[in-house]
Structures are given as structure tokens and as C-alpha cells.
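Me: I should like to learn how to read a protein model, one feature at a time. May we go through it together?

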Amino acid sequence: MDALFDTLRATVGAPHVLTGVELSPFVVEGRTPDAAVFPGTIDEVAAVVRTAAAAGVAILPWGGGTAVAVGEPPARAGIVLGLRRLARLVEHEPGDLTATVEAGVTLASLQDTLQARGQWLSLDPPDAERATVGGIIAANASGARRHLYGTVRDLLIGLTVVTADGAIVRGGGKVVKNVAGYDLPKLFIGSWGTLGIVVDATFKLRPRPDDERLLAARFDRLKDCGAAARAVLAGDLIPNALDIVDPAAAAALGLSGEAALVVGFDGLREQVDWQIAEFTALVGPLGGRDVVALPPAAWPRLATLARDAIASPAALMSLSVLPALVTETMEQGAQSARQRGLASAWAAHAGVGAITGALLAGRDPAAVATVLAEWRAIATAGGGHATLTWAPLAVKSQVPVWGDAGPAGRIMQRIKAQLDPNNVLNPGRFVAGI
């Protein structure tokens, strides 16, 4: 390892290779990496990957560290490859509504830069102050505004990755109308750093809306929230967010302890005023009351409401189901927890069927594991799936993080074997053991 460290220091500079006690921020699931390396250029990233691969050392790509707890515990230590020094806005073409940025740029800093030109990247994942562009792509992270604007796959038009053998590969382009060849960038979206290390990306942008507002309507029951959400979807309104929160999550948002339907609208001020009036008139007969405006600071909290509702969560699970099954899934999950004496909190991007459930810490990891297994079964029964996004090791040892991927998992294993035959990129942490 000393020889490896010497080579890494010669590649990126001694100050950018951390060892020993300096590694405490990079401990994952109790496992401390052998080193943390921070290259400053794409060529340096490629050189680090080649060096580590030649030594048979595992590589854990690291952006802002916001989602590093997602995944199975690391099988072996290896090195952290941090991208925080790759933090340049490479190119911004306001007339074309495109921007190319390096992977270490945080989303918050990118949005601040784009805002000066009246534009934005229509993504709002959790922890935007820390989440980096590369990490957002690797995790396919998104937030409430995905209801209207989609996810990374809808906005990414090109990217550069460093593969497991240190090759620099570019896919896609720098213009929105780019249809030539295979859509290689989408292969790396949501791959959790197992297929390649994203080092820069090109996105299509949008003009900043003239006005944007967030509203909440309270309901006595979750099922009434669901009925109102379906009515919104069936009507003429065009919300950019449509979330359902249970009483615990509503309280974390500053609302009284009742279920709530949270809706966002943007556009011209006159259009927003009209949509708010129509929404208020729509939900009243369905049991909605006390429609209130939420402050702009509430927007980023929508992505973490279930997590924030519980001071010491025992576990967090993301469930993906059909939008029509959102409130039923939330109610069944809460009932499952109550039957074992555990409290839970729930929030959902209702229009796309993305649910987050949080469990209050209990004394018995086995009870927590049982509830999580039932939550996954509820999602699967409705044609969906569930991912254990955070839990202590005592729970992860009893509940798989990803669940059974079926035939898709076998295809993913074959892709992994082709792109990373020596299994050095984030090995064993993703679905199907890749």
C-alpha cells in the first residue's frame, strides 16, 4: 500500500491524498478506506483509476457524500475517489439553454450561477448544498418538482465518464436535439458508481419562472388526500409538485398534525393566481380545508419530510408504486408499524408514486426488520419495488437493501462484467451484488 500511496501522491499531489485519522469523514458502514484521493482534472481521475485497478484496489466514488449510506456494506476497504476539486462550470450557452459542468459542482452553486442568467436546472434532490452533479447522476436523485420536470434522464444530454480501466469515454452531445448513436449517458444514470465515474455532464436548462408558489390543503384522512390528488391529475391544472404527507410529516413542515396535500404551481403570475383559485375550489368539496401558502424555504424540505419527521429514525425506505396506490400503500405501511409498536412517518411525490417511509427507532432490530420486509411486500404486491435507503448494520444484516431484481438483475450483472470485469468500482454495493 505504501507504494500505491506514493504513486497516488505523485499523480494528484501529496495534499490531496488523505490517510490515517484524516479518513474519519469517509467511514462507510464502519469500514475505513485505505485512503481518500482527490484528483483535480479528468486526466488525473483516469490515472488514479488505472493505478488502483492495477493494484486490485476497490474504488468508492465520492461526491458530496449525501447518499453514501445507500447500498450494501462495502465488501472491502479500497480507496475513496473524491471529486470535489472538479468543480468548474465548463460551458454555459444561455441561448441554447445548455450547460456543461464538472461532476464535483454542487447543485446549489450551479443554480446560483445559472440564476444570474435567469435560468435553472430543473432538479431539486435532497441536500442541494452538498449534493454534487456527479452524485445526483449516479443516484438518479430528484425531488418534488420531478412531477412536472422529470428526473436526470429527462435533462441529461451528454456526459464524460472514466471507466474501470481508466479510459475517458464521452457520450451524447452538447445540444438538445442530439439523436445520433446509442444513448450511452442513460446507462450511467442511477448506476451508483458501479459502471464508471462521471466526471462532467451536459444538461438542458429552463428559464426561471416568473412566479412560483407552494400550497398545502389539510384533510382528515390520507385517503381523502389521495382522492384530491387524483382530481388534480384529472383536471386542467398543471402543478409542478403534488405531494401527500401524513400527520407526522405535515408537522415537520410546520402544519398542524393532519394529513395534507402539498401542491406547487409556477409560470406567469396571472396563471399561478388562476391555478391557485381553481385548486382551492377543487379540493373544498373533497374535504380539503385551510388552503395555506407555504414559504419558499419549504420547497427543499419536501424531499426529506419523512426523514425530518422522526428525530432518531431506525430506518428509511423508498417505495415506488402506481400513483393510484400511494395512499393505500402509506396506510398499510403505517398499520404494519403500529402492529409492532413502532411509529412511522410518510411522505410521497404522489403524482409519480414515489413514497418515503421512516421508522422511529425501536429497541429490537428484528421488529424493525420485520416491518421493513412487510413494507417491501406491500410495494411488490402492487407491482412496485422498495429500497432500504438507510438503516444500521444490525437491520441491514436482516433486510436486503435492494430486493430481488429478477431478470433485470441478471442483465445488469452482464453489463457490469463487460464494463468492470475486475469489479473495482464500488463493488458489491448495488443491486444484484454488482
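**Reading the model**

Reply: Let us begin with a helix and its surroundings. The buried residues of α13 pack against β16 (313-320), α12 (326-339), β17 (344-349), β18 (354-360), β19 (385-390) and α14 (393-396). Please keep in mind that this is a predicted model.

Me: Which residues of α13 are buried?

Reply: A residue counts as buried when its relative accessible area is under 20%. In α13 this applies to A367, V368, A369, V371, L372, W375, R376, I378 and A379.

Me: How does the span of helix α13 agree with its number of residues?

Reply: The idea is to multiply 1.5 Å by one less than the number of residues. Helix α13 covers residues 365-381, which is 17 residues, so a span of 24 Å is expected; the C-alpha atoms at its ends are 24 Å apart, in agreement.

Me: What is found at the start of α13, and what just after it?

Reply: At the start, a side-chain oxygen of D364 comes to within 3.0 Å of the backbone nitrogen of A366. Just after the helix, G383 adopts a positive phi of about 80 degrees.

Me: How many aromatic pairs are there, and how is such a pair described?

Reply: Two quantities describe a pair of aromatic rings: the distance of the centres and the angle of the planes. In this protein the count comes to seven aromatic pairs. For F26 and W62, the ring centres are 5.0 Å apart and the planes stand at 75 degrees; because an angle over 60 counts as edge-to-face, the pair is given that name. This pair links distant parts of the chain, with F26 in the loop between β1 and β2 and W62 in strand β3 (residues 59-62), 36 residues apart.

Me: Are F26 and W62 buried or exposed?

Reply: F26 is buried, its relative accessible area being 7%. W62 also counts as buried, at 9% relative accessibility. Another edge-to-face pair is formed by W120 and Y149, with 5.4 Å from centre to centre and 90 degrees between the planes. W120 belongs to strand β7 (residues 119-120) and Y149 to helix α5 (residues 146-149), so that this pair, too, links distant parts of the chain, 29 residues apart. W120 is buried at 5%, and Y149 is buried at 12%.

Me: Which residues do ring pairs link into a cluster, and where does the charged end of R84 sit?

Reply: F26, F38 and W62 are linked into a cluster by ring pairs. The charged end of R84 sits over the ring of F38, 3.8 Å from the centre of that ring. Elsewhere, R145 lies over the face of W299, at 4.1 Å from the ring centre.

Me: Where does D34 lie, and what does D34 touch?

Reply: A loop residue may be read by its place, its exposure and its contacts. D34 lies in the loop between β1 (17-18) and β2 (35-37), and D34 is partly exposed, with a relative accessible area of 31%. Leaving aside residues up to four places away in sequence, D34 touches M1, F5, T19, L23, A77 and G78.

Me: How many helices and strands does the protein have, and how compact is the protein?

Reply: The protein has 15 helices and 19 strands. Its radius of gyration is 22 Å, close to the 22 Å that the globule rule gives for 434 residues, so the protein is as compact as a globular protein of that length. Of the 434 residues, 52% count as buried.

Conventions: Residues are numbered from 1 along each chain as its sequence is written. This is a predicted model: local features need pLDDT of at least 70, side-chain atom pairs count only at pLDDT 80 or more; totals for chains, interfaces and linings use all residues. Side-chain values use heavy atoms; hydrogens and water are left out. Helices (H or I, at least four residues) and strands (E, at least two) are DSSP runs, numbered from the N terminus. Buried means under 20% relative accessible area, exposed over 50%, partly exposed in between (1.4 Å probe, protein chains only). Contact means heavy atoms within 4.5 Å. Rings of Phe, Tyr and Trp (its six-membered ring) pair if their centres lie within 6.5 Å; planes under 30 degrees apart count as stacked, over 60 as edge-to-face and the rest as tilted. A charge sits over a ring if NZ of Lys or CZ of Arg is within 6 Å of the ring centre and within 35 degrees of the ring normal. A polar contact is a pair of N or O atoms within 3.5 Å; within protein, one must be able to donate a hydrogen and the other to accept it, and residues adjacent in sequence count only if both atoms are side-chain atoms. The radius of gyration is taken over C-alpha atoms; the globule rule is 2.2 Å times the number of residues to the power 0.38.
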